[in-house]
Amino acid sequence: MEKVFLIGDNESLLSELSELLKTDYEIADELDETAEIIFELSSSDKDFKIKILNFIDEKNSKATVISTSLTTSVLEQAVNSRYPERLTGAGIYPTFSESKGIEIASSKYTSQKHLLKCRQVFESIGKKVTEVTDRTGMINMRIISMIINEAYLVLQEGTASKNDIDTAMKLGTNYPHGPIEWSEKLGIPLVYNILLAMSEEFGDDRYRITPLLKEKYLETFKAELL
């Protein structure tokens, strides 16, 4: 495989992808023009993601860039990039290695050469690749986030306990995780920001964040500041 570089602030995701690729991810200071594939795995904060992309552009001008595109579309990232033609998006999230497939997306600026390279990278690690329209949340995480949001509403209403909700969904739908458990594995900030981004993009009440989920997000946010 070509020289791969991973950059981001989610250590668990960096480790998970590194294990799949069977490569050690390198520290940011070592990024240079020799990198051929760059994974951008920053947090769901758009401004921070743009800073990382700008850093990548300063250090490397030719590599295919595969960026997490669940809370920020490929197009939103591309218009802030010096080399938008090499930017591709992928539905990469904590625990994505458990899935047999992966979603990828492109903007109107993405070249076919870089999109093909993105596809080949994931196929080389055994993923079935699905190309989707460049939209917030893509498909998998968009639906999962909505299920999680509804589960928190059920929990908030006192209809069922956390364990009962998770058990019912695992037995009834054969999901690998219950929705509350899933939110903890994915990270509540990711779920929260996907729902927030979809609400802003579509202006639809069905993406309105449940008060209990927002409360859990704020607790997580506060814990990170301590």
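1. The side chain of histidine 114 makes a polar contact with the side chain of threonine 64, at 2.7 Å. This is a predicted model, and the points below should be read as comments on that model. Histidine 114 sits in helix H4. Its relative accessibility is 6%, so histidine 114 counts as buried. Setting aside neighbours within four places in sequence, histidine 114 is in contact with Lys62, Ala63, Thr64, Glu85, Arg86 and Thr88. Threonine 64, the polar partner, is thus listed among the contacts too.

2. Arginine 86 is one of the residues in contact with histidine 114. Arginine 86 also has a charged partner: its side chain meets that of aspartate 57 in a salt bridge, 3.0 Å from N to O. The pair links distant parts of the chain, 29 residues apart. Arginine 86 is in the loop between H3 and strand S4 (87-90). Aspartate 57 is in helix H2. Are these two residues buried or exposed? Arginine 86 is at 1% relative accessibility and therefore counts as buried. Aspartate 57 is at 5% and also counts as buried. The cut-off for that label is under 20% relative accessible area.

3. Helix H2 takes part in a second salt bridge. Lysine 46 pairs with glutamate 76, and the closest N and O atoms are 3.0 Å apart. Lysine 46 lies in helix H2 (residues 46-59) and glutamate 76 in helix H3 (residues 74-78), so the pair ties together parts that are 30 residues apart in sequence. Lysine 46 is partly exposed, with a relative accessible area of 35%. Glutamate 76 is at 30% relative accessibility and counts as partly exposed.

4. Another salt bridge joins lysine 162 and glutamate 184, with the closest N and O atoms 2.8 Å apart. Again the pair links distant parts of the chain. Lysine 162 belongs to helix H6 (residues 162-173) and glutamate 184 to helix H7, 22 residues apart. Lysine 162 is partly exposed, at 33% relative accessible area. Glutamate 184 is partly exposed as well, at 46%. How many salt bridges does a search of the whole structure find? The search finds nine.

5. Helix H7 (residues 179-186) also holds tryptophan 182. With a relative accessible area of 13%, tryptophan 182 is buried. Leaving aside neighbours within four places in sequence, its contacts are Thr95, Ile144, Ile148, Tyr175, Pro176 and His177. Threonine 136 is 46 residues away along the chain. The C-alpha atoms of tryptophan 182 and threonine 136 are separated by 19 Å.

6. Helix H1 covers residues 11-21. Its buried residues are Leu13, Leu14, Glu16, Leu17, Ser18 and Leu21. An α-helix has 3.6 residues a turn, so residues three or four places apart point the same way. What do the buried residues of H1 pack against? They pack against strand S1 (4-8), strand S2 (37-41) and H4. Helix H4 is also the home of histidine 114. Lysine 22 follows H1 and has a positive phi, near 55 degrees.

7. On the surface, Leu75, Val79 and Tyr109 make a nonpolar patch of about 260 Å². Tyrosine 109 lies in the loop between strand S5 (101-106) and helix H4 (112-124). At 36% relative accessibility, tyrosine 109 counts as partly exposed.

8. Now the overall picture. The secondary structure comes to nine helices and six strands. For 226 residues, a compact globule would have a radius of gyration near 17 Å; the protein has 18 Å, which agrees. Along the principal axes, the C-alpha atoms fill a box of roughly 55 × 35 × 30 Å. Buried residues make up 46% of the 226 residues. The protein exposes about 11400 Å², and carbon and sulfur atoms supply 50% of that area.

9. A last point on contacts. Among contacts with a separation of 6 or more, 67% are between residues 24 or more positions apart. Two of the salt bridges above can be set beside that figure: arginine 86 and aspartate 57 are 29 residues apart, and lysine 46 and glutamate 76 are 30 residues apart.

Conventions. Residues numbered from 1 in each chain as written. Predicted model: local features only at pLDDT ≥ 70, side-chain atom pairs only at ≥ 80, totals over all residues. Heavy atoms only, no water. Patch = residues over 30% accessible without salt bridge, like charges linked within 9 Å, V, L, I, M, F, W, Y side chains within 5 Å. Areas by Shrake-Rupley, 256 points an atom, 1.4 Å probe, with all protein chains shown as cover. Salt bridge = Lys/Arg side-chain N within 4 Å of Asp/Glu carboxyl O. Helix = DSSP H or I, 4+ residues; strand = E, 2+ residues; numbered from the N terminus. Buried < 20%, exposed > 50% of the residue type's maximum accessible area, 1.4 Å probe, protein only. Polar contact = N/O pair within 3.5 Å; in protein donor to acceptor, adjacent residues only side chain to side chain. Contact = heavy atoms within 4.5 Å. Rg over C-alpha atoms; globule rule 2.2 N^0.38 Å.
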